[in-house]
Amino acid sequence: MSGETLHASCVAFDSRAVLILGASGAGKSSLILSLIALGGTLVADDRVELTVEEKGLVARAPAPLAGRVEARGVGILSSIPCADGVLHCVASLDQAPDARMPEPRWWTHLGHTLPLISGQNVPDLAPVLAILLRNATLPDSFTSER
């Protein structure tokens, strides 16, 4: 089992998870709070441990951060975390889409390639991710060009 820790956040709906990337202050924790409010479960905020397992690229919280999420202007909140989540996609808050209907982008890490959603300034990003992780599939362009 190989792995590493990233400066990122992660939320899961059942076992399907999104890894959220972005610089400090980009809105990772705010997006996490929105996703939890929509029924997601916190995997990790601020630091995410990724490991390669038989089921895919798996995200977990480092032990000291498990169940903790920052609410800017309020403080650190406690949330019931899920033990882990299998990454289904990645959202980058540092990258904006280059078109209304952008071409697919990919994120490759530890030998796994996942769909990358450029989420900077995307309206309704939280509900889109919640729907995607609950029961939707990515646009056909993601599967046909891979």
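Read from the start of the sequence to its end, the protein runs β-β-β-α-β-β-β-β-β-β-β-β-α-α. That order comes to 3 helices and 11 strands in total. The radius of gyration is 14 Å, close to the 15 Å that the globule rule gives for 146 residues, so the protein is as compact as a globular protein of that length. Along the principal axes, the C-alpha atoms fill a box of roughly 40 × 35 × 25 Å.

The model is a predicted one, and confidence in it varies along the chain. The mean pLDDT of the protein is 88, with 91% of the residues at 70 or more. Among the elements, strand E3, residues 16–21, has the highest mean pLDDT, at 96. Helix H3, residues 140–144, has the lowest, at 57.

Next come the contacts and the surface. Take the contacts between residues at least 6 apart in sequence: 68% of them join residues at least 24 apart. Buried residues make up 43% of the 146 residues. The accessible surface comes to about 7700 Å², and carbon and sulfur atoms account for 51% of that area. The protein has 11 positive and 15 negative charges, and the mean positions of these two groups are 4 Å apart.

Individual residues show how parts of the chain meet. Leu-132 is a residue of helix H2. With a relative accessible area of 6%, Leu-132 counts as buried, because the limit for that class is under 20%. Leu-132 and Arg-16 are 116 residues apart along the chain, yet their C-alpha atoms are separated by 9.3 Å.

Which loop holds Ala-61? Ala-61 lies between strand E6, residues 56–60, and strand E7, residues 68–71. This loop residue is buried, since its relative accessible area is 17%, and the cut-off for buried is under 20%. Leaving out residues up to four places away in sequence, Ala-61 touches Val-43, Ala-44, Glu-49 and Ala-66. For one of these, Val-43, the separation from Ala-61 is 18 residues in sequence and 6.0 Å in space, C-alpha to C-alpha.

Lys-55 is also a loop residue, placed between E5 and E6. Its relative accessible area is 48%, so Lys-55 is partly exposed. Which residues does Lys-55 contact, leaving aside its neighbours within four places in sequence? They are Asp-84 and Val-86. Val-86 is 31 residues from Lys-55 in sequence, while the distance between their C-alpha atoms is 7.2 Å.

Two further loop residues are of interest for their backbone angles. Most residues other than glycine have a negative phi. Asp-46 is not a glycine, but its phi is positive, at about 85°. Asp-46 sits in the loop between strand E4, residues 41–44, and strand E5, residues 47–53. Its relative accessible area of 34% makes Asp-46 partly exposed.

Asn-121, likewise not a glycine, has a positive phi of about 60°. The loop that holds Asn-121 runs between strand E11, residues 112–118, and helix H2, residues 125–134. Is Asn-121 buried or exposed? Asn-121 is exposed, because its relative accessible area is 72%, and the class begins at values over 50%.

Key. Residues numbered from 1 in each chain as written. Predicted model: local features only at pLDDT ≥ 70, side-chain atom pairs only at ≥ 80, totals over all residues. Heavy atoms only, no water. Helix = DSSP H or I, 4+ residues; strand = E, 2+ residues; numbered from the N terminus. Rg over C-alpha atoms; globule rule 2.2 N^0.38 Å. Buried < 20%, exposed > 50% of the residue type's maximum accessible area, 1.4 Å probe, protein only. Contact = heavy atoms within 4.5 Å. Areas by Shrake-Rupley, 256 points an atom, 1.4 Å probe, with all protein chains shown as cover. Lys, Arg positive; Asp, Glu negative; His and termini not counted. Charge placed at Lys NZ, Arg CZ, Asp CG, Glu CD. pLDDT = per-residue confidence, 0-100.
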